[in-house]
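Here is an explanation of one protein chain for a reader who has not met it before. Please keep the sequence and the model at hand while reading.

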Amino acid sequence: MNGVRILLVDDDVALLEALPQAILLRMDGVQIDTSETATDALERIKEVDYDAIVTDIKMPGMDGLALLEAIGKVRPGTPTLLVTGHGEHDLAVRALRGGAYDFVAKPIDRDYFIASLERAIGMRRLDREVERQRLALERHARVLEHVDDGVFLVDDTGVIQHWNPAAAAITGLTPSAVLGQRADDVLPDWQAIGPTIPVASVPGPGSTNARTLPFVIEGREVWLSISGVAFEDGVVYAFRNLTEERALDELKGEFVATVSHELRTPLAAIYGSAQTLLRQDIEIDEDKQRRLLQVIAQESERLSRVAADILLANRIDSGRLQLQTNRLDVARLAQEVVERMRAGFAEREDVTLEVVAAEPGSFVAGDEDKLRQVLINLVDNAVKYSPDGGAVELRVEPNGTSLSVSIRDEGLGIPHGEQQRIFGKFYRVDPQLSRGVGGTGLGLYICRELVRRMDGLLTVTSKEGEGSTFVVELPLALAPQAEESAPVVQHA
Ligand SMILES: Nc1ncnc2c1ncn2[C@@H]1O[C@H](COP(=O)(O)OP(=O)(O)OP(=O)(O)O)[C@@H](O)[C@H]1O
Ligand SMILES: [Mg+2]
């Protein structure tokens, strides 16, 4: 019984001397303190967390029952034995009701007393151990609350017993929906996937390699990198979400496919035309030669446009793009773009291009080259994605402190669910076919980023099958004195 501390409280000094001897005779390593009054005892109890307290019931001043009550407040876990006088059964009963661990009647039966004291100390030790383990568990649980990895525990019967906040955040399944449920019921693929998850028998780094596996959770596919550690009553699993990484990988794959397709198509045309021109076994008249050279020129231009877009997107991403801020006459710029595009789309007679400017000479603050590029991209899309022809209209109008340019078409339109995604890098609706028109899916990404860097906004409204309207909104230029577009500010 090493390190055990007991307090004896009695106003009978003779007993205070006799009892410790009796205890020390039967119990080793016990440290015994004594108090002659309840008040003194209480002071000690406040300072020392005793393993057991033995107190006489009848004492002058504060008696044993009052002391018992006070102990209950200061040290509710400490077992207290009360010593009652001969025949004081009522007091003994009151003591037990008051929370005493046991009572010992005078004259004290030493064997009974020691046995009871040992039990009290044993119980106190167990309580302390339970408390220590509870705190350790709580600490572990708190640690689990804060890790970024999802952690859950499946017991031997297949029931989920722990589900940390990261698990809830990653899967969208709350602890209340999951705890106490069978893993098969909560995770539909558990029966098939569960056995394929690597489970180590000892915890520690490198004991198992996690596997990346697809789970369908509430209709959503999530890729989790998951591994487990077995322990006596079940398996603790830890996982992290790799869905985005996988999506990015897929996107990269798609990008490579798109870019190589975008490069290969014009290259094939250039190569074919050049080969034809080089043939000596056939006569090529001047007209045909011209057409072949035209193909070479056009396709080379397309190639360099794709390369330029990729480089521009890269410069935007790395923050290396410098923008000039000038006062720009947007209506004039729109007119210029439309004329240029009309020439470019000469073969698309089914599409009409029109500029509507309510107030000519509305100035915005922006970068002329970049805004031109934005308008060209948007008009290019409007025409490209109007396979059945129709009107494309550029409307320039002031709108409070800003000026908006709307590019409206009567083409394919964009499904509601795609209207934000089309601004993503390399994103094309229906990339395989894309209705027979080429593109890298970089156009709108570049447009939105350029507009954003001019402190503007690019938005879309569209109805599938009816057409789309893209709106560029830019801040109006503040000082309308200068005639020419003079540099105002330069920003990165
Ligand atoms: N006016 C429009 N009408 C219908 N769909 C459109 C329109 N503009 C864009 N889209 C859709 O959004 C996608 C992304 O457009 P974006 O301009 O970024 O790329 P792209 O035209 O495919 O290629 P490029 O990089 O050559 O511009 C297009 O592939 C198309 O599916
Ligand atoms: Mg485009």
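The paragraphs below go through the start of the chain, then the nonpolar cores, then the helix packing and a few single residues.

The model is predicted. Gly-3 is found in the segment that comes before strand 1, which covers residues 4-9. Gly-3 counts as exposed because it has 8 C-beta neighbours inside 10 Å, and a residue with 12 or fewer falls in that class. Its C-alpha atom is separated by 9.7 Å from that of Asp-28, a residue 25 places away along the chain.

Next come helix 2, residues 38-47, and helix 3, residues 64-74, whose axes come within 11 Å and cross at roughly 15°. Angles under 35 degrees count as roughly parallel, and helix 2 and helix 3 are therefore roughly parallel to each other. Helix 2 passes helix 3 in a right-handed crossing. On the side of helix 2, the residues that meet helix 3 are Ala-38, Ala-41, Leu-42, Ile-45 and Lys-46. Their partners in helix 3 are Ala-66, Leu-67, Ala-70, Ile-71 and Val-74. By class, the residues of this contact of helix 2 with helix 3 are 9 nonpolar, no polar and 1 charged.

Helix 3 also holds Glu-69. Is Glu-69 buried or exposed? Glu-69 is exposed, because 12 other C-beta atoms lie within 10 Å. The C-alpha atoms of Glu-69 and Gly-98 are separated by 6.9 Å, although their positions lie 29 residues apart in the count along the chain.

His-86 lies further on, in the loop between strand 4 (80-84) and helix 4 (89-97). His-86 counts as exposed because it has 8 C-beta neighbours inside 10 Å. Which residues does His-86 contact, leaving aside its neighbours within four places in sequence? They are Ala-105 and Lys-106. Lys-106 is also one partner in a cis peptide bond, which joins it to Pro-107 with an omega of about -10°. Pro-107 has its place in the loop between strand 5 (102-105) and helix 5 (110-146). Most peptide bonds are trans.

A long distance can be given from His-86 as well: its C-alpha atom and that of Leu-375 are separated by 106 Å, with the two residues 289 apart along the chain. Leu-375 leads to the nonpolar cores. The largest nonpolar core has 42 residues, and those with the most contacts inside it are Val-330, Ala-334, Leu-375 and Val-379. The elements giving two or more residues to this core include helix 12 (330-344), helix 13 (368-384), helix 14 and strand 18 (467-475). Strand 14 (363-366), strand 15 (390-399) and strand 16 (402-408) are also among them. Helix 13 gives the most to this core, with 7 residues. Val-330, leaving aside its neighbours within four places in sequence, is in contact with Ser-362, Val-364, Val-396, Leu-403 and Val-405. Apart from this core lies another, of 31 residues, among them Leu-8, Tyr-50, Ile-57 and Ala-100. In soluble globular proteins, nonpolar side chains tend to be buried together.

Helix 14 packs against two helices described here. With helix 13, the angle is about 145° and the axes are 9 Å apart. The crossing of helix 13 and helix 14 is left-handed. From helix 13 the contact uses Lys-370, Gln-373, Val-374, Asn-377, Leu-378 and Asn-381, and from helix 14 it uses Gly-443, Ile-446, Cys-447, Leu-450 and Val-451. By class, the residues of this contact of helix 13 with helix 14 are 6 nonpolar, 4 polar and 1 charged.

The other partner is helix 11 (residues 286-317), which packs with helix 14 (residues 443-453) at an angle of about 40°, with their axes 10 Å apart. That angle makes helix 11 oblique to helix 14. The crossing of helix 11 and helix 14 is left-handed. Asp-309, Leu-312, Ala-313 and Ile-316 in helix 11 meet Tyr-445, Ile-446 and Glu-449 in helix 14. This contact of helix 11 with helix 14 has 5 nonpolar, no polar and 2 charged residues.

Asp-455 has its place in the loop between helix 14 and strand 17 (457-463). Its phi is near 60°, a positive value in a residue other than glycine. Most residues other than glycine have a negative phi. Asp-455 is partly exposed, because 15 other C-beta atoms lie within 10 Å.

Methods: Residues numbered from 1 in each chain as written. Chains lettered and ligands numbered in written order. Predicted model: local features only at pLDDT ≥ 70, side-chain atom pairs only at ≥ 80, totals over all residues. Axes fitted to C-alpha atoms, helices over the stretch in contact; angles between N-to-C directions. Helix = DSSP H or I, 4+ residues; strand = E, 2+ residues; numbered from the N terminus. Parallel < 35°, antiparallel > 145°, perpendicular 65-115°, else oblique. Left-handed = near helix turned anticlockwise from the far one by under 90°. Contact = placed C-beta atoms within 7 Å. Nonpolar A, V, L, I, M, F, W, Y, C, P; charged D, E, K, R; others polar. Buried ≥ 20, exposed ≤ 12 C-beta atoms within 10 Å, placed from the backbone. Core = buried A, V, L, I, M, F, W, Y, C linked by C-beta atoms within 7 Å.
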